[in-house]
Amino acid sequence: MDYSDLAKKSLEARFLSYSPYSDFKVGAALLTESGEIFLGANVENAAYSPCICAERSAFICALMKGHKNFKAIAVSSMVDDYTSPCGVCRQFMREFSADLPIILVKSSGTFIETSLDVLLPMSFGPDDLAKERNE
Ligand code: THU
């Protein structure tokens with residue numbers, strides 16, 4: 001799969017970031033199973049803890065349009081290095097896929113592909129709640 005378009009869209013999404021506190025703009029582009037791309041950016045808050053990351057904001061936008069199956073997500077920041085999803089976002093994304101391809105994009109446009117099972121091994125997901133219990 002060629003992720004260059006998805007990578008480019010994540011770079012565009014950075015400019016939607018509202019990050020006056022960290023001054024760290026992050027962009028995400030989420031590809032749905034049906035081929036649509038949803039953008040996300042981090043949105044911060046004066047009370048700090050209500051901040052939402054770019055990855056989760058992209059997911060929320062897609063979910064609110066009825067999408068639940070995803071092919072890949074690309075993430076970038078202004079840094080010319082890979083910006084890897086935080087722990088909260090890894091677990092959030094795990095709800096929808098255990099092995100989602102994750103494209104990490106440098107600000108120069110160079111990107112690499114990794115996946116959620118690499119970033120979040122032995123994860124806990126919806127299937128665990130459905131397992132037989134021994135009480
Ligand atoms: N951030 C993201 O949006 N995604 C990541 O993968 C890492 C961190 C945001 C959260 C906060 O607004 C800013 O980057 C600095 O941590």
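Which residues does Cys-89 touch, not counting residues up to four places away in sequence? In this predicted model, Cys-89 touches Cys-53, Glu-55 and Arg-56, and the sections below begin from the region around that cysteine before turning to other parts of the chain.

## The annotated domain

According to an unreviewed UniProt entry, residues 1-127 carry the feature "domain: CMP/dCMP-type deaminase". In the model, this span is 27% helix and 24% strand, and the C-alpha atoms at its two ends lie 28 Å apart.

## Three cysteines listed together

The unreviewed UniProt entry lists Cys-53, Cys-86 and Cys-89 under "binding site". Although these residues are spread over 37 residues of sequence, they cluster in space, with a largest C-alpha distance of 8.3 Å.

Cys-89 belongs to helix α3, and its relative accessibility of 0% is why it counts as buried. Cys-53, by contrast in location, lies in the loop between β2 and α2; Cys-53 is buried too, because its relative accessible area is 18% and the cut-off for a buried residue is under 20%. When residues up to four places away in sequence are not counted, Cys-53 touches Ala-41 and Asn-42 as well as Cys-86 and Cys-89.

## The surroundings of the ligand

Two of these cysteines, Cys-53 and Cys-86, are also among the residues that surround the ligand. The other residues of this shell are Ser-22, Phe-24, Val-26, Asn-42, Glu-44, Cys-51, Ala-54, Glu-55, Ser-84 and Pro-85. Sorted by type, the shell divides into 7 nonpolar, 3 polar and 2 charged residues.

Several polar atoms of the protein can be paired with oxygen atoms of the ligand. A polar side-chain atom of Glu-55 lies 2.5 Å from a ligand oxygen, while for Ala-54 a backbone N or O atom is found 2.9 Å from an oxygen atom of the ligand. For Ser-84, a polar backbone atom is 3.4 Å from a ligand oxygen. Taken alone, the ligand exposes 370 Å², and the protein buries 79% of that area.

## A second listed site in the loop before α2

Under "binding site", the unreviewed UniProt entry also lists Asn-42, Val-43, Glu-44, Asn-45, Ala-46, Ala-47 and Tyr-48. Of these, Asn-42 and Glu-44 also appear among the residues that surround the ligand in the model.

Val-43 is placed in the loop between β2 (37-41) and α2 (54-63), and Val-43 counts as partly exposed because its relative accessibility is 37%. Leaving aside its neighbours within four places in sequence, Val-43 is in contact with Tyr-18, Pro-50, Cys-51 and Ile-52. Tyr-48 is likewise in the loop between β2 and α2, but Tyr-48 is exposed, since its relative accessible area is 58% and a residue counts as exposed over 50%.

## Helix α2 and what covers it

Helix α2 is largely enclosed by the rest of the structure, because 8 of its 10 residues are buried. The buried residues of α2 are Ala-54, Glu-55, Arg-56, Ser-57, Ala-58, Phe-59, Ala-62 and Leu-63, and two of these, Ala-54 and Glu-55, are also part of the surroundings of the ligand. What covers the buried residues of α2 includes the strands β1 (26-32), β2 and β3 (70-77), together with helix α3.

## Two buried residues later in the chain

Arg-94 is found in helix α3, which runs over residues 87-94. Its relative accessibility is 8%, and therefore Arg-94 counts as buried. Leaving aside neighbours within four places in sequence, Arg-94 is in contact with Leu-116, Leu-120, Ser-123, Phe-124, Gly-125, Pro-126 and Asp-127.

Val-105 has its place in strand β4, residues 101-105, and it counts as buried because its relative accessibility is 0%. The C-alpha atoms of Val-105 and Ala-7 are separated by 6.2 Å, although the two residues are 98 residues apart along the chain. Once neighbours within four places in sequence are left aside, the residues in contact with Val-105 include Ala-7, Ser-10 and Leu-11, the run Ala-74, Val-75, Ser-76 and Ser-77, and also Asp-81, Tyr-82, Thr-110 and Phe-111.

How values were computed
Residues are numbered from 1 along each chain as its sequence is written. This is a predicted model: local features need pLDDT of at least 70, side-chain atom pairs count only at pLDDT 80 or more; totals for chains, interfaces and linings use all residues. Side-chain values use heavy atoms; hydrogens and water are left out. Helices (H or I, at least four residues) and strands (E, at least two) are DSSP runs, numbered from the N terminus. Buried means under 20% relative accessible area, exposed over 50%, partly exposed in between (1.4 Å probe, protein chains only). Contact means heavy atoms within 4.5 Å. UniProt positions are given in the numbering used here, feature names are shortened, and annotations may be inferred rather than shown by experiment. A residue is near a molecule or strand if one of its heavy atoms lies within 4 Å of it. A polar contact is a pair of N or O atoms within 3.5 Å; within protein, one must be able to donate a hydrogen and the other to accept it, and residues adjacent in sequence count only if both atoms are side-chain atoms. Accessible areas come from the Shrake-Rupley method with a 1.4 Å probe; for residues, only the protein chains shown count as cover. Ala, Val, Leu, Ile, Met, Phe, Trp, Tyr, Cys and Pro count as nonpolar, Asp, Glu, Lys and Arg as charged, and the others, Gly among them, as polar.
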